[in-house]
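Hi,

Here is the structure I promised to pass on. Have a look at it first, and my notes follow below.

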Amino acid sequence: MNQEKVLVIDFGGQYNQLVARRVRECNVYCEIYSYRTELEAIKAMNPKGIILTGGPNSCYEENSPTYQKELFELGIPVLGLCYGAQLMMHVLGGKVEKAPVREYGKTEVRVEQDSPLFADVSRNTICWMSHFDYISRPAPGFSVTARTADCPVAAAENREKNLYAIQFHPEVLHTLEGTKILGNFVRTICGCAGSWRMDSFVEHSIEEIRNRVGSGRVLCALSGGVDSSVAAVMLAKAIGNQLTCVFVDHGLLRKQEGDEVEAVFGPEGPYQLHFIRVNAQERFYEKLAGVTEPEQKRKIIGEEFIRVFEEEARKIGAVDFLVQGTIYPDVVESGLGGESAVIKSHHNVGGLPDCVEFREIIEPLRNLFKDEVRRAGLKLGIPETLVYRQPFPGPGLGIRIIGEVTGEKVRIVQEADAIYREEIAKAGLDRTIGQYFAALTNMRSVGVMGDERTYDYAVALRAVNTVDFMTAESAEIPWEVLQTVMSRIINEVRGVNRVFYDLTSKPPGTIEFE
Ligand code: XMP
């Protein structure tokens, strides 16, 4: 299906995934590989084009990431971005040096020569620069096509050999015409038709799964999260009742969430699959009784989850395939793709496969970014409430209740959170804030309601904006919205007499409370 493929060769830049996403926005399929990938492997993939990313090093230093000259002699168009551009010049005989002025931020770039890369791009265009080295002399055969006030080679090309180098970052949205520039590369220069479409991907995947599974039996652990839901629906469309979905309700889900998942996947839903909902609330509350230490709570919830799943799996018996909702960033970050290899290990596998006897794993979303998973979900007809669901931690409300978890506290936090979500949606903020939720502090304080003294819990409201969930800023929510949420929670949720708004960023805070 993906005959038309562009490769993004990663030199350790922070925007590697962004480059790939922008290329896919041009409806061209692409994948990320480390600069350590052998030339033979690259040739074997038969790419229509190659993009070299930025990176934190200086290409003229010993031991900096590099690539052999032959990469530029394959006859395949190459586009170098920032470090990738400098490296191209360095390897092909140009000169790269430390710049007298470091360029950082939005910069006006003047396009000085006609170039297929800049077709339909303004002569003066704003681009995102971030470099301390610069190309002081382009390699032989290259001509300079763009400059900035401080940078004599903002872009250079050897059109005959289809080699293009740009100093700025077209993948970053601050580069106003960046997607157009990348589009010119992949469409005009590489000659890609641009046929990567979500509907054809979805149809093709369904067909592929059907052929692979044959008459086999498939098991899917469904959490109700976006990834597992989209994976399950894709499987359901492919193989119907050969699929069994196990959904463990641990009693730590948001209000009505268990029923929402059941409405989509259960017997009343549109798919003909075996759906097993395990109502294990009481079991979890019993295990959590008296436990206050956050890590211990997480461990108990995680372990109990596996125990429940294991029991169900044993009833089902051996299956042929196990479905996992792995998505492309997991693959890249686990080192199978780009350069982030050493930093993170795969975090999507969980402990489940160990307790089930199965032959193979099916990962239908393995090549998709999160926004593409959502689009696939919409194409598959999954309700928007599920598709645009916020990230929700595996241990659920268990880590949003500080201290001991009880059924009563779960009720309080569910009610408060539902009100908060409703008001945020009413104010039209639900798609603009990264993640938001209510948590129950373990604090009780004195208040007065009517003429009565109260001694009740305080609810904390959290809302953050984040790009990668590694850092986050608290979101600005209009005062009136917070006032309404506060007043509704205090009036409608029994057991609460105080509401706080958490202003802490991450770091030093984390997004969740435990
Ligand atoms: P923290 O609290 O670490 O959260 O700043 C970062 C992001 O990760 C989510 N999170 C989890 N997700 N299992 C998950 O699947 C977990 O144990 C877990 N803990 C935190 C959190 O909701 C936020 O989006």
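A definition before anything else: helices here are DSSP runs of H or I with at least four residues, numbered from the N terminus. Please also keep in mind that this is a predicted model.

With that in place, let me start at α1. Just after this helix, Asn27 takes a positive phi of about 65 degrees. The helix itself is mostly covered, with seven of its ten residues buried. Those buried residues are Asn16, Gln17, Val19, Ala20, Arg22, Val23 and Arg24.

α1 also leads to the cavity. How many cavities of 30 Å³ or more does a search of the whole structure find? The search finds one, and the space in the largest cavity comes to about 40 Å³. Its lining consists of Arg21, Arg24, Glu25, Phe369, Asp371, Glu372 and Arg375. By type, six residues of that lining are charged, one is nonpolar and none is polar. At least two lining residues come from each of α1 (16–25) and α11 (370–379). On the domain level, domain 1 (5–189) and domain 2 (198–387) each give at least three residues to the lining. Arg24 therefore appears twice in these notes: among the buried residues of α1 and in the cavity lining.

One last spot is Glu310, which sits in helix α9 (residues 294–316). Is Glu310 buried or exposed? With a relative accessible area of 18%, Glu310 counts as buried, because the cut-off for buried is under 20%. Its side chain makes a polar contact of 3.1 Å with the side chain of Arg307.

Happy exploring!

Technical notes
Residues are numbered from 1 along each chain as its sequence is written. This is a predicted model: local features need pLDDT of at least 70, side-chain atom pairs count only at pLDDT 80 or more; totals for chains, interfaces and linings use all residues. Side-chain values use heavy atoms; hydrogens and water are left out. Buried means under 20% relative accessible area, exposed over 50%, partly exposed in between (1.4 Å probe, protein chains only). A polar contact is a pair of N or O atoms within 3.5 Å; within protein, one must be able to donate a hydrogen and the other to accept it, and residues adjacent in sequence count only if both atoms are side-chain atoms. On a 1 Å grid over the protein atoms alone, a cavity is a set of points where a 1.4 Å probe fits but cannot get out, and a pocket is an open set with protein on both sides within 12 Å along at least five of seven lines; lining residues have an atom within 4 Å of a point. Grid points are joined across faces, edges and corners, and a volume is the space filled by probe spheres set on the points. Ala, Val, Leu, Ile, Met, Phe, Trp, Tyr, Cys and Pro count as nonpolar, Asp, Glu, Lys and Arg as charged, and the others, Gly among them, as polar. Domain bounds come from an automatic or database domain assignment.
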